[in-house]
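Work through the exercises below with the structure open beside you. Try each task before reading its solution.

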Amino acid sequence: LPACWDSQLSIKDLHFDGVPVRIYLPRKSSTSKRRGVIFIHGGCGIFGSISKELKIYERICRYIARKSDSVVVSVGYHLAPEHRYPAQTLECLAATVHFLKSAETYGVDPARVVVCGDSVGGTFTASVCQELGHRTDIPKIRAQVLIYPFLQALNFNLPSHQKNAAIAFLSRERTVHFILKYLKKDCSLKEPILAGSHVPESINLKYRKWISPDLIPDVFKLGYKPPLPALFSPRVHEEVPELFEPRFSPLLAEDAVICGLPDTCIVTCEHDVLRDEGLLFKKRLEDNNVRVTWHHVEKGFH
């Protein structure tokens, strides 16, 4: 059988506004328009693919399409560092806009389209929804699903960073290493960024209302020890201006943007350095009256 053959799904490789996508359409006819799911894969922006050879995302997309009877669009954004930031976010945005405009062509109700992503795919999902929140020329995104998303690059000393610093696959150190690889920066910046030397006091003061251990529920802070204050390095700060952009760190978006976001589902894992970013984003959304569903996997890891 062909590699993409599925008894329940018709699977096609297409381009949406020049962006490679793989679309999964249920074969069974429907009396009404279906839901749509735009899936954005993880991989730090430098790994991952919609290719059938990478079975993990192929299986996930097929599963979502079958179990929810939805049309799933998997976005094959081009990877960094060959395609430099913010190319990945812009391609996800372009593919999403294209699908929202053409949803009915695929039997999808444009008012019932969800954007979903894991890890950096959650970052791109959050960024896409922030960019589209106040647009009136296209249908509104119905909901966003963020699966252990990366959401900020200011503070790498939150309780989950400390608790899971050496956890398998995505350690605290490897997180910053991948960020620097993604942005095509010198990896010698890793240690000062881990310490927080890239953040001037003015920015710390501005954003501590949104990014602070004080905002994490006590149940998640057992054994946490606040780190010593870092010595600010203007050189390091000037090397990584991207880290302070809401497109890269969606937690830094202003309230006027956050309040325009759709219903949100956030999945966090206990044994994950990124756990607290999901918790902080949950609080921000709730503070701005955005409806949130939260699932915490107590034995889960990134």
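**Exercise 1. The sheet**

How many strands form the open sheet, in what order, and is the pairing parallel, antiparallel or mixed?

*Solution.* Note at the outset that this is a predicted model.

Step 1. Count and order the strands. There are 8 of them, arranged 1-2-4-3-5-6-7-8 in an open sheet. The pairing is mixed.

Step 2. Find the edges. Strand 1 (9-16) and strand 8 (292-301) each pair on one side only, which makes them the edge strands.

Step 3. Look at the twist. From one strand to the next it averages 20 degrees.

**Exercise 2. The neighbours of strand 5**

Describe how strand 5 pairs with strand 3 and with strand 6.

*Solution.* Step 1. Take strand 3. It runs parallel to strand 5, and 6 bridges join the two. One bridge partner pair is Arg34 and Val108, the latter in strand 5.

Step 2. Take strand 6 (residues 143-147). It pairs with strand 5 (residues 108-118) in the parallel sense, over 5 bridges.

Step 3. Check the register residue by residue. Val114 has Ala143 of strand 6 as its bridge partner. Val115 stands opposite Gln144. Gly117 is partnered by Leu146.

Step 4. Check the cover. In strand 5, 8 of the 11 residues are buried. In strand 6, 4 of the 5 are buried. Both strands are mostly covered.

**Exercise 3. Helices on the sheet**

Which strands does helix 2 touch, and which does helix 3 lie across?

*Solution.* Step 1. Start with helix 2. It packs on the sheet and touches strand 1, strand 2 (19-26), strand 3 (34-40), strand 4 (70-75) and strand 5. Its direction makes about 160 degrees with that of strand 5.

Step 2. Turn to helix 3 (residues 120-132). It lies across strand 3, strand 5 and strand 6. Relative to strand 5 it runs at about 140 degrees.

Step 3. Test the length of helix 2. It covers residues 87-102, 16 in number. From first C-alpha to last it reaches 22 Å, close to the 22 Å expected.

Step 4. Test its exposure. Helix 2 is mostly covered, with 12 of its 16 residues buried. Among the buried ones are Gln88, Glu91, Leu93, Val97, Phe99 and Leu100.

**Exercise 4. The cores**

Which residues touch the most other members of the largest nonpolar core, and which element gives the largest share?

*Solution.* Step 1. Find the most connected members. The core holds 77 residues, and Ile193, Leu243, Phe248 and Phe281 touch the most other members.

Step 2. Find the main contributor. Helix 2 supplies the largest share, 7 residues.

Step 3. Separate the other core. Apart from the largest one lies a core of 15 residues, including Tyr57, Ala65, Val114 and Val267.

Step 4. Inspect Ile193. Beyond its neighbours within four places in sequence, Ile193 contacts Phe156, Val176, Leu180, His198, Val236, Val240 and Leu243.

**Exercise 5. Cysteines**

How many disulfides are there, and why are Cys187 and Cys269 not bonded?

*Solution.* Step 1. Set the cut-off. A disulfide needs two cysteine sulfur atoms within 2.5 Å. The count is 0.

Step 2. Test Cys187. Its closest cysteine sulfur is in Cys44, 12 Å away, so the gap is too far for a bond. Cys187 is partly exposed, at 27% relative accessible area.

Step 3. Test Cys269. Here the closest cysteine sulfur belongs to Cys265, and at 12 Å it is also too far for a bond. Cys269 is buried, at 5% relative accessible area.

**Exercise 6. Two residues in context**

Where do Pro81 and Arg275 lie, and is each buried, partly exposed or exposed?

*Solution.* Step 1. Place Pro81. It sits in the loop between strand 4 and helix 2. Its relative accessibility is 28%, so Pro81 counts as partly exposed.

Step 2. List its contacts. Leaving out residues up to four places away in sequence, Pro81 touches Ile46, Lys181, Tyr182 and Lys184. His177 is 96 residues from Pro81 in sequence and 13 Å away in space, C-alpha to C-alpha.

Step 3. Place Arg275. It belongs to helix 10 (residues 275-287). With a relative accessible area of 1%, Arg275 is buried, because buried means under 20%.

Step 4. List its contacts. Beyond four places in sequence, Arg275 touches Pro159, Ser160, Lys163, Phe220, Thr268, Cys269, Glu270 and His296.

Definitions and conventions
Residues are numbered from 1 along each chain as its sequence is written. This is a predicted model: local features need pLDDT of at least 70, side-chain atom pairs count only at pLDDT 80 or more; totals for chains, interfaces and linings use all residues. Side-chain values use heavy atoms; hydrogens and water are left out. Helices (H or I, at least four residues) and strands (E, at least two) are DSSP runs, numbered from the N terminus. The expected span of a helix is 1.5 Å times one less than its number of residues. Buried means under 20% relative accessible area, exposed over 50%, partly exposed in between (1.4 Å probe, protein chains only). Two strands pair if DSSP finds at least two bridges between them. Axes are lines fitted to C-alpha atoms, for helices over the stretch in contact, and angles run from 0 to 180 degrees between N-to-C directions. Contact means heavy atoms within 4.5 Å. A nonpolar core is a set of buried Ala, Val, Leu, Ile, Met, Phe, Trp, Tyr and Cys residues joined through side-chain atoms within 4.5 Å.
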